[in-house]
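Dear colleague,

I am handing over a structure that you have not worked with before, and I would be glad if you could look through it with the notes below at hand. The sequence and the model come first, and the notes follow.

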Amino acid sequence: MKNQIDVCKLCKKDSNLKMSHVLPRFLGTYLKNTSATGFLTAVDENGNPSRSQDLYKRRLLCGQCESVLNEAETFFAEKVFYPFKKDKLQSIPVDDRLGRFAVSVSLRALWIMQIVEHPLIKRWKDQLVELENEWRNYLLKEPNFVKGSHSHHILLCNEALLAVGLKNSPNLIHSVLRTSAYYLFEKFEKAYVFANLAGVQIISMIHPSDLPVSRGTEVYPNQTFGVQAPPGIGWGGYYQNLLELAEKCDAAKGRLSVAQREMIERSLAKAPERAAMSEDGRIYQMQQELLHSIRDEP
Ligand SMILES: [Zn+2]
């Protein structure tokens, strides 16, 4: 394959760029390994979900920058993501790599949105230029780095939190816990970069600088994550966002191509026990039971 010399998005040096995952690679592996069908649902930068076998990739970084980000990614996967998913997360380490992980996910999402010239990028351009510089200097540990005031959060979203919205959005739990997505969310003059990693979510504030009514979720510039318990997420904009994400996932099912639909049906027919035993199947089952109990309420 032809070498692609281009400017690395992080260090801005000319280099032979690698194919980078926009969302961490461990997420794709997790979603695939726990799926009923061997496929995962990924929402692209325009908010369109589709079924695929891998997460979205793009040439963004040089080898050195890629490994800088991989360090924080591996730490997060081992210390937070997998323990949380296996219900074994007892304590969350206070560690700079958590902040670095969150910032790197949002920064990659931001770059993709810039590349596709998303309309919201233009609308928030002035703020984003400043934030991008700060985030880059933070990740590269530049000597001239100055800590900003915009907060970054990691939210561990579980079925109990999502069950509240099930009445309005019957597929909410499955849609949030079984998908990957990244985009800019804007509502009521508030905006943030958002990533959903199968229910583990990264929020990087654009405006205002703080995520209101959120305790124990911040990873940068301060770290309260894992120190104050329990995390509280009472902000309307957050839940509105999740309901909209679920709506998009529901709509996408109707738009699957015939070929994709057949592929999924074939893999279900080939391994029905895998589907039934999978995490995918468990979450779907649990959602149906919750729905029944809500409907049976007097
Ligand atoms: Zn680089």
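**Cysteines and the zinc site**

Cysteine 157 counts as buried, because its relative accessibility is 1%, which falls under the 20% limit used for that word. Please keep in mind throughout that this is a predicted model. A search of the whole structure finds zero disulfides, and cysteine 157 accordingly takes part in none, the nearest cysteine sulfur being that of cysteine 249, 13 Å away.

Four other cysteines have a partner of another kind, since the zinc ion is coordinated by the SG atoms of Cys8, Cys11, Cys62 and Cys65, at 2.3 Å. Along the chain these donors follow the spacing C-x2-C-x50-C-x2-C. Why is the arrangement of the four donor atoms around the zinc ion called tetrahedral? The angles that the donor atoms subtend run from 105 to 117°, and four donors count as tetrahedral if all angles lie between 85 and 135 degrees. Two of the zinc-binding cysteines can be described by their exposure as well: cysteine 8 is buried, with a relative accessible area of 1%, whereas cysteine 11 is partly exposed, at 21%.

**The sheet**

An open sheet of seven strands runs in the order E5-E4-E8-E9-E10-E7-E12, and its pairing is mixed. Strand E5 (49-52) and strand E12 (218-220) stand at the edges, and each has a single partner strand, so one side of each is left without a neighbour in the sheet. From one strand to the next, the twist averages 25°.

The mixed pairing can be followed at strand E4, which covers residues 40-43 and is joined to E5 by four bridges, the two strands running antiparallel. Within this pair, leucine 40 stands opposite serine 52 of E5, and threonine 41 has arginine 51 as its bridge partner in E5. The hairpin of E4 and E5 has five residues between the strands, and glycine 47 takes a positive phi near 80° there. With E8, by contrast, E4 pairs in the parallel sense, over three bridges, and here valine 43 has alanine 181 of E8 as its bridge partner.

Are the residues on the two faces of E4 buried or exposed? Both faces are covered, with Leu40 and Ala42 on one side and Thr41 and Val43 on the other, all of them buried.

**Helices across the strands**

Two helices can be placed against these strands. Helix H5 (residues 125-139) lies across strand E7 (152-156), strand E8 (179-187), strand E9 (190-197), strand E10 (200-207) and E12, and runs at about 125° to E10. Helix H8 (residues 236-253) lies across E4, E5, E7, E8, E9 and E10, and runs at about 130° to E8.

**Backbone details in the loops**

Two cis peptide bonds deserve a look when you go through the loops. The bond from histidine 207 to proline 208 is cis, with omega near -5°, and proline 208 is found in the loop between E10 and strand E11 (214-215). A cis peptide bond also joins tyrosine 220 and proline 221, where omega is about 0°, and proline 221 is found in the loop between E12 and strand E13 (232-233).

Which values of phi belong to glutamate 117 and lysine 141? Glutamate 117 has a positive phi of about 50° although it is not a glycine, and its place is in the loop between helix H3 (96-115) and helix H4 (119-123). Lysine 141, also a residue other than glycine, has a positive phi near 50° and lies in the loop between H5 and E7. As for their surroundings, glutamate 117 is exposed, with a relative accessible area of 56%, and lysine 141 is exposed, with a relative accessible area of 59%; both words apply because exposed means over 50% relative accessible area.

With kind regards

Methods. Residues numbered from 1 in each chain as written. Predicted model: local features only at pLDDT ≥ 70, side-chain atom pairs only at ≥ 80, totals over all residues. Heavy atoms only, no water. Donors = N, O, S within 2.8 Å, 3.2 Å for Na, K, Ca; no water. Tetrahedral: all angles 85-135°; square planar, octahedral: opposite > 155°, others 65-115°. Buried < 20%, exposed > 50% of the residue type's maximum accessible area, 1.4 Å probe, protein only. Disulfide = S-S within 2.5 Å. Pairing = 2+ DSSP bridges. Axes fitted to C-alpha atoms, helices over the stretch in contact; angles between N-to-C directions. Contact = heavy atoms within 4.5 Å.
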